[in-house]
Amino acid sequence: MTKIILSGCLGRMGKAISAIVAETEDAEIVCGFDIAGGDCGYPVYSDYSSVSVDADVIIDFSHPANLNKLLSFAKRNDLPIVVATTGLTEDQKKELSDASKIIPVFFSANMSLGINLLIRLAKQAAKILEGSFDIEIIEKHHNKKIDAPSGTALAIADGIAESLSNKPEYVYERHSVRKPREKQEIGLHAVRGGTIVGEHEVLFAGPDEVISLSHSAQSRDVFAQGAVRAAKFLSKKSVGFYSMDDLFSDLV
């Protein structure tokens, strides 16, 4: 049985994870953190110092501002942590890397197994098509999402960049510069509207043909399922920094 502490338990993703775990035989949520406090069918704390439960792993789906206190709690209690919160700064990502020298840390900009498979396919396509095809990434999310482009779109771009011989330039806006597209560009475009859960498309546009890789999340459950899977995976690991690539390797 994997015993989980859920940070951000009263948010939309927190509620989705609670529902998934309730239907999972080999996992349970022993308590939650949320600044608002409340009731989730398990104890919910707004202050980390109040927590004294037996747990195997933390899942964080809260807010970037919460990361420092949460990492301190995890390190103090020697608890592995799955960080699924988006919008982290480069300094915060370095904090995760530093923490991974003390505790197991799992980080992914997107917890969906499908989107991470898309990244793998995009990296492979970029290697084969480099030099002949232009690369554009389009992402769509609901009208409440704050950051743009999404962390997932950037993760896709970063994955592709790792596969290319020459370092690409990320271009976020084209209306401000009137000039032809450069070969080494990766264009990133954000759409915000309605209740779109999350859609990502990678276009490889070449001479007389276009290849498209796309992923559409139909509900937040796909992210919740991935986070719970990551928590089970991480609870058995030693100190280190882990990602979806490690989880994929464990599945194969």
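These are my notebook entries on the sheet, two helix packings, a hairpin and some backbone oddities.

**Entry 1: the model**
I'm working from a predicted model, so everything below comes from computed coordinates.

**Entry 2: the sheet**
I began with strand order. The open sheet has seven strands, running β3-β2-β1-β4-β5-β6-β12, and the pairing is parallel. Which strands stand at the edges? They are β3 (44–45) and β12 (240–242). Each has a single partner strand, so one side of each is left without a neighbour in the sheet.

Next I looked at how β12 is attached. Strand β6 (residues 104–107) runs parallel to β12, and three bridges join the two. Going down to residues, I found F106 opposite Y242 of β12. A reminder to myself: strands of a sheet pair through backbone hydrogen bonds, either parallel or antiparallel.

**Entry 3: α1 on α6**
For packed helices I note the angle between the axes and the distance between them. Helix α1 (residues 12–22) packs on helix α6 (residues 221–234) at about 65 degrees, and their axes are 9 Å apart. I looked up the hand too: the crossing of α1 and α6 is right-handed. From α1, the contact uses M13, A16, I17, I20 and V21. From α6 it uses D221, F223, A224, Q225, A227 and V228. Sorted by class, the residues of this α1 and α6 contact come to nine nonpolar, one polar and one charged.

**Entry 4: α4 on α7**
The other pair I checked was helix α4 (residues 113–129) with helix α7 (residues 244–251). Their angle is about 95 degrees and their axes are 11 Å apart. I wrote α4 down as roughly perpendicular to α7, because the angle falls in the 65 to 115 range. On the α4 side I listed L113, N116, L117 and R120; on the α7 side, M244, D245, L247, F248 and S249. The class split for α4 with α7 is five nonpolar, two polar and two charged residues.

**Entry 5: the β10-β11 hairpin**
Strands β10 (residues 198–206) and β11 (residues 209–217) pair antiparallel over nine bridges. They form a hairpin with two residues between them. I picked out one bridge, in which E199 is partnered by S216 in β11.

What is the sign of phi at D208 in the turn? Phi of D208 is positive, near 65 degrees, and D208 is a residue other than glycine. Is D208 buried or exposed? I have D208 down as exposed, because its relative accessible area of 85% is over the 50% cut-off.

**Entry 6: another positive phi**
D78 also went on my list, with a positive phi near 55 degrees in a residue other than glycine. D78 sits in the loop between α2 (67–76) and β5 (81–83). Its relative accessible area is 55%, so I call D78 exposed as well. For context, most residues other than glycine have a negative phi, and most peptide bonds are trans.

**Entry 7: a cis bond and E139**
That sent me to the peptide bonds. The one joining A148 and P149 is cis, with omega about -5 degrees. P149 lies in the loop between β7 and α5 (151–163).

I then followed a contact from P149 back to E139, which belongs to strand β7 (residues 134–141). Which residues touch E139, leaving aside its neighbours within four places in sequence? I got A148, P149, S150, A153, H189, A190, V191, R192, E199 and H200. Both ends of the cis bond, A148 and P149, are on that list, and so is E199, which I'd met in the hairpin. E139 has a relative accessible area of 0%, so I logged E139 as buried.

Definitions and conventions
Residues are numbered from 1 along each chain as its sequence is written. This is a predicted model: local features need pLDDT of at least 70, side-chain atom pairs count only at pLDDT 80 or more; totals for chains, interfaces and linings use all residues. Side-chain values use heavy atoms; hydrogens and water are left out. Axes are lines fitted to C-alpha atoms, for helices over the stretch in contact, and angles run from 0 to 180 degrees between N-to-C directions. Helices (H or I, at least four residues) and strands (E, at least two) are DSSP runs, numbered from the N terminus. A crossing is left-handed if the near helix is turned anticlockwise from the far one by less than a right angle, and right-handed if clockwise. Contact means heavy atoms within 4.5 Å. Ala, Val, Leu, Ile, Met, Phe, Trp, Tyr, Cys and Pro count as nonpolar, Asp, Glu, Lys and Arg as charged, and the others, Gly among them, as polar. Two strands pair if DSSP finds at least two bridges between them. Buried means under 20% relative accessible area, exposed over 50%, partly exposed in between (1.4 Å probe, protein chains only). Angles under 35 degrees count as roughly parallel, over 145 as roughly antiparallel, 65 to 115 as roughly perpendicular and the rest as oblique.
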